[in-house]
Amino acid sequence: MTGFGQSGPYAARAGYDLMAQGMGGFMSLTGAPEGEPTRAGVPIADIFTGVYSVVGILAALAQRERTGRGRHVDTALVDTQVGVLGNQALNYLVSGMLPERIGNAHPNIVPYQVFPVADGHIIIASGNDGQFAKLCAVLGEPALAQDPLYKTNADRVMNRAKLVAHLCTLTSRCRRADILAKLEAVNVPAGPIYNLTDVFSDPQVIDRGMRLDLPSAAAKAGTIPGVRTPITIDGVGMAAEHPAPRLGEHTQEILREIGEAR
């Protein structure tokens, strides 16, 4: 692999992912209503295609064990991007109506999005009427949950703009830590929005060993950082023992294995 800038194979592959996000419908669903279609911040078509490829390979291996016959596994970026459209695809296929970009909101559930607080932003994912009533109580307006405009989720979806504007006024008066603690206490799903420093400092991420520091003679500090696969088997996180090799690092070893070493 060469080129992490504007040219080379890596840039070309990154372009394919972007085109897959566009052609697969993802970008038409992502971004603010008044803004332009937006790609994901990571190459989701590339990543999901790799994951689905592994799923296909494992299925083929399982069948080979039963039948003795091999299989040909075929995955494609656009296929994968279409395959992960999830509820948005079904919304369209059932209704025939094109979904609109709605920023961080959920198309079928309200309130279920990012909200401002006094010291930043948080996520509130109120998934049902009971959770909405608890949210209203935490925000100091329990009667809001009984308002005919907002009593059921269908009502709240219909009156999304008015409700969300009012909730934003209420949440913006709260400190992040305070409101998150109160919502956790009443089992309303809510959480912070981390930057990557926050992510790799989070106790859960540390405890699960998601950051890798793999020994390498090529690194000045003796290790090269990385991120492990999220798969854990029998309590052991799946991770490589060594980082990606340097260019030519194993050339002689490989040549010896195939009998070509000089």
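**Exercise 1. Determine which side chains meet in a salt bridge with Arg-64, and how exposed each partner is.**

Step 1. In this predicted model, the side chain of Arg-64 meets that of Glu-65 in a salt bridge, at 3.8 Å from N to O, where a salt bridge is defined as a side-chain nitrogen of Lys or Arg within 4 Å of a carboxyl oxygen of Asp or Glu. Because the model is predicted, local features need pLDDT of at least 70 and side-chain atom pairs count only at pLDDT 80 or more, whereas totals for chains, interfaces and linings use all residues. Residues are numbered from 1 along each chain as its sequence is written, and side-chain values use heavy atoms, with hydrogens and water left out.

Step 2. Arg-64 has 41% relative accessibility and counts as partly exposed, while Glu-65, with a relative accessible area of 63%, is exposed; buried means under 20% relative accessible area, exposed over 50%, and partly exposed in between, with a 1.4 Å probe and protein chains only.

**Exercise 2. Work out which parts the salt bridge of Asp-129 and Arg-156 ties together.**

Step 1. The side chains of Asp-129 and Arg-156 form a salt bridge with an N to O distance of 2.8 Å.

Step 2. Asp-129 lies in helix H6 and Arg-156 in helix H7, so the pair ties together parts that are 27 residues apart in sequence; helices (H or I, at least four residues) and strands (E, at least two) are DSSP runs, numbered from the N terminus.

Step 3. Asp-129 is partly exposed at 35% relative accessibility, whereas Arg-156 is buried at 0%.

**Exercise 3. Check the span of helix H8 and locate its buried residues.**

Step 1. Helix H8 comprises 12 residues (160-171) and, at 1.5 Å a residue, should span 16 Å, which agrees with its end C-alpha atoms being 16 Å apart; the expected span is 1.5 Å times one less than the number of residues.

Step 2. The buried residues of H8 are Arg-160, Leu-163, Val-164, Leu-167, Leu-170 and Thr-171. They cover an arc of only 120° around the axis, which puts them on the same side of H8, the arc being that of the directions from the helix axis to the C-beta atoms.

Step 3. Ala-161 and Lys-162, on the other side of H8, are exposed.

Step 4. The buried residues of H8 pack against strand S1 (112-117), strand S2 (120-125), helix H6 (129-138), helix H7 (153-158) and helix H9 (176-185), with contact meaning heavy atoms within 4.5 Å.
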